[in-house]
Amino acid sequence: MEKRFVYADNAATTKVSDRAFKAALPYFQEQYGNASSIYMIGQNSAKVILKAREQVANAIGAKINEIYFTSGGSESDNWAIKGMAENGERRGKKHIITSCFEHHAVLHTCQYLEKRGFEVTYLPVSDKGLISVEDFKNALRDDTCLATIMLANNEIGTIQPIEEFAAICKERKIPFHTDAVQAIGVVPIDVKAMRVDMLSLSGHKIHAPKGIGALYIRGGIMIPNLIHGGAQERSKRAGTENLPSIVAFGEAITAAVENMPEKIAKISVMRDKLINGILKIKETRLNGDADKRLCGNVNISIRGIEGESLLLSLDIMGICASSGSACTSGSLDPSHVLLALGLPHEIAHGSLRLSISNETTDEDVDYILECVPQVVKKLRAMSPLWERICKEEGISD
Ligand SMILES: *Cc1c(COP(=O)(O)O)cnc(C)c1O
């Protein structure tokens with residue numbers, strides 16, 4: 001078996017595409033003008049920002065003036081949630097609904113607001129990683145100022161019925177926000193049909209650079225600024241525009257939504273091959289619903305091994321993957337997402353997330369399927385935990 005380099009961690013970040021990279025290049029050294037300046041290269045910058053804004057708007061069915069560029073998904077989430085919380089507070093509404101397996105950009109923002117006197121309902125998720133519409137409906141209160149539920153989960157890839165949540169909120173006149181960072185380009189999004197009020201996007205998950213994103217804010221909805229200063233973004237988000245990244249983001253999101261059905265079909269086939277192949281290893285389980293799932297997401301718990309050792313061994317073989325355990329981020333706690341599914345700590349610790357993209361090839365998939373069983377076998381052979389599991393449960397290894 002020849003060693004390859006296989007990048008299977010696209011949920012963490014992606015390679016900048018040639019298309020996005022080339023589009024951005026002139027704006028570093030040639031057309032670098034400040035969009036607020038009146039001379040030609042300044043005004044040219046204003047023009048290309050407008051074009052990128054239109055590209056983002058088109059990708060999600062929004063109007064141009066409903067798109068605000070930000071520094072990424074985290075800022076968009078923070079702005080939407082803190083902004084709506086501030087609106088609510090002014091009217092004595094200090095209750096927020098979210099789920100317990102959101103991205104930390106949402107969870108930690110909600111926890112921050114709890115310290116400031118807000119009450120937050122963290123909806124549970126089922127063992128398949130889905131939020132119940134009934135639970136959602138029951139959680140709404142007269143003093144709810146915001147509901148925020150992610151469109152697709154970054155760890156287990158489950159896709160939530162956002163249209164249903166949004167419709168319920170519309171009826172009750174409660175603002176609804178969704179984090180669509182993982183969904184854009186692999187789940188069709190139309191903000192008008194979905195009836196969401198705010199939606200977060202990030203560039204670096206869709207082959208644009210890191211540090212650029214957007215918040216969609218439905219026309220007519222007002223939230224206070226998160227960043228104060230200059231009059232950029234129609235005075236709603238200060239700071240000289242990140243011109244090259246904005247241009248790249250516009251191109252990347254346009255590419256992301258092109259030929260989406262074909263792309264989803266192609267990636268799903270590779271995903272299912274990976275899932276079926278890895279599930280052949282004994283004592284493994286797929287995390288997250290098999291159908292309501294992102295086409296590029298594989299998340300499998302492998303008993304008897306540590307996620308971290310698995311990742312290090314795969315890295316030696318040239319494979320970049322991620323683990324359900326948060327060891328990678330320097331914490332020994334297992335992932336809050338896997339714990340939310342009800343997995344015991346022991347199983348949540350030994351999880352493997354592979355996130356593939358349009359650039360993943362059949363050869364990459366075959367290579368992963370050769371390496372993972374080998375690595376698991378090797379690690380289990382050295383694992384006292386696996387030995388104990390085998391003894392206690394009568395598994396022959
Ligand atoms: C990556 C990610 C974010 C954060 O986006 P950044 O641009 O890195 O700040 C937020 N939500 C989800 C679901 C993500 O996957």
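Does Glu251 count as buried or exposed, or what else does its relative accessibility say? At 14% relative accessibility, Glu251 counts as buried. Keep in mind that we're looking at a predicted model here, and let's start with the partners of that acid.

Glu251 forms a salt bridge with Arg19, and the closest N and O atoms are 2.9 Å apart. Arg19 sits in helix α1 (residues 18–24) while Glu251 belongs to helix α10 (residues 243–257), so this pair ties together parts that are 232 residues apart in sequence. The arginine end is less hidden from view: Arg19 has 34% relative accessibility and counts as partly exposed. Arg19 also has a second acidic partner, because its side chain meets that of Glu258 in a salt bridge as well, at 3.1 Å from N to O. Glu258 lies in the loop between α10 and α11 (260–279), so here the parts being tied together are 239 residues apart in sequence. Glu258 counts as partly exposed, with 35% relative accessibility. Add Lys51 and you have the whole group: Arg19, Lys51, Glu251 and Glu258 are linked in a network of salt bridges.That network is part of a longer list, as a search of the whole structure finds 20 salt bridges. Another one to look at joins the side chains of Asp197 and Lys170, at 3.2 Å from N to O. Asp197 is in the loop between α8 (191–194) and β7 (198–202), and Lys170 is in helix α7 (residues 162–172), so the pair ties together parts that are 27 residues apart in sequence. Asp197 counts as buried at 5% relative accessibility, whereas Lys170, at 29%, counts as partly exposed.

Both α7 and β7 lead us to a sheet. This one is open, has seven strands in the order β2-β8-β7-β6-β5-β3-β4, and shows mixed pairing. Which strands stand at its edges? They are β2 (67–70) and β4 (119–123); each has a single partner strand, so one side of each is left without a neighbour in the sheet. Neighbouring strands are turned by 20° against each other on average, direction ignored. Further in, strand β6 (residues 176–179) pairs with β7 in the parallel sense over three bridges, and Asp179 stands opposite Ser200 in β7.

Now for the helices on that sheet. Helix α5 (residues 104–115) packs on it and touches β3 (95–99), β4, β5 (144–148) and β6. The direction of α5 makes about 150° with that of β4. Helix α7, the one that carries Lys170, packs on the sheet too, touching β5 and β6. Its direction makes about 160° with that of β6.

Further along the chain there's an open sheet of four strands, in the order β9-β10-β13-β12, with antiparallel pairing. The edge positions go to β9 (284–286) and β12 (322–323), each with a single partner strand, so one side of each has no neighbour in the sheet. Three bridges join β9 to strand β10 (residues 297–302), and the two run antiparallel. If you want a landmark in that pairing, Arg285 stands opposite Ser301 in β10. Helix α11 packs on this sheet, where it touches β9, β10 and β13 (351–355), and its direction makes about 5° with that of β10.

Let's finish with helix α16 (residues 384–393). Which of its residues are buried? They are Trp386, Ile389 and Cys390. These residues cover an arc of only 95° around the axis, which puts them on the same side of α16. The spacing makes sense if you recall that an α-helix has 3.6 residues a turn, so residues three or four places apart point the same way. What do the buried residues of α16 pack against? Their neighbours there are α14 (345–349) and α15 (362–381). The face turned away from the buried side carries the exposed residues Pro384, Glu387, Lys391 and Glu392.

The ends of α16 are worth a look as well. At the N-terminal end, Ser383 acts as a cap, with a side-chain oxygen 3.3 Å from the backbone nitrogen of Leu385. Just after the helix comes Gly394, which takes a positive phi of about 65°.

Technical notes:
Residues are numbered from 1 along each chain as its sequence is written. This is a predicted model: local features need pLDDT of at least 70, side-chain atom pairs count only at pLDDT 80 or more; totals for chains, interfaces and linings use all residues. Side-chain values use heavy atoms; hydrogens and water are left out. A salt bridge is a side-chain nitrogen of Lys or Arg within 4 Å of a carboxyl oxygen of Asp or Glu. Buried means under 20% relative accessible area, exposed over 50%, partly exposed in between (1.4 Å probe, protein chains only). The arc is that of the directions from the helix axis to the C-beta atoms. Contact means heavy atoms within 4.5 Å. A polar contact is a pair of N or O atoms within 3.5 Å; within protein, one must be able to donate a hydrogen and the other to accept it, and residues adjacent in sequence count only if both atoms are side-chain atoms. Two strands pair if DSSP finds at least two bridges between them. Axes are lines fitted to C-alpha atoms, for helices over the stretch in contact, and angles run from 0 to 180 degrees between N-to-C directions.
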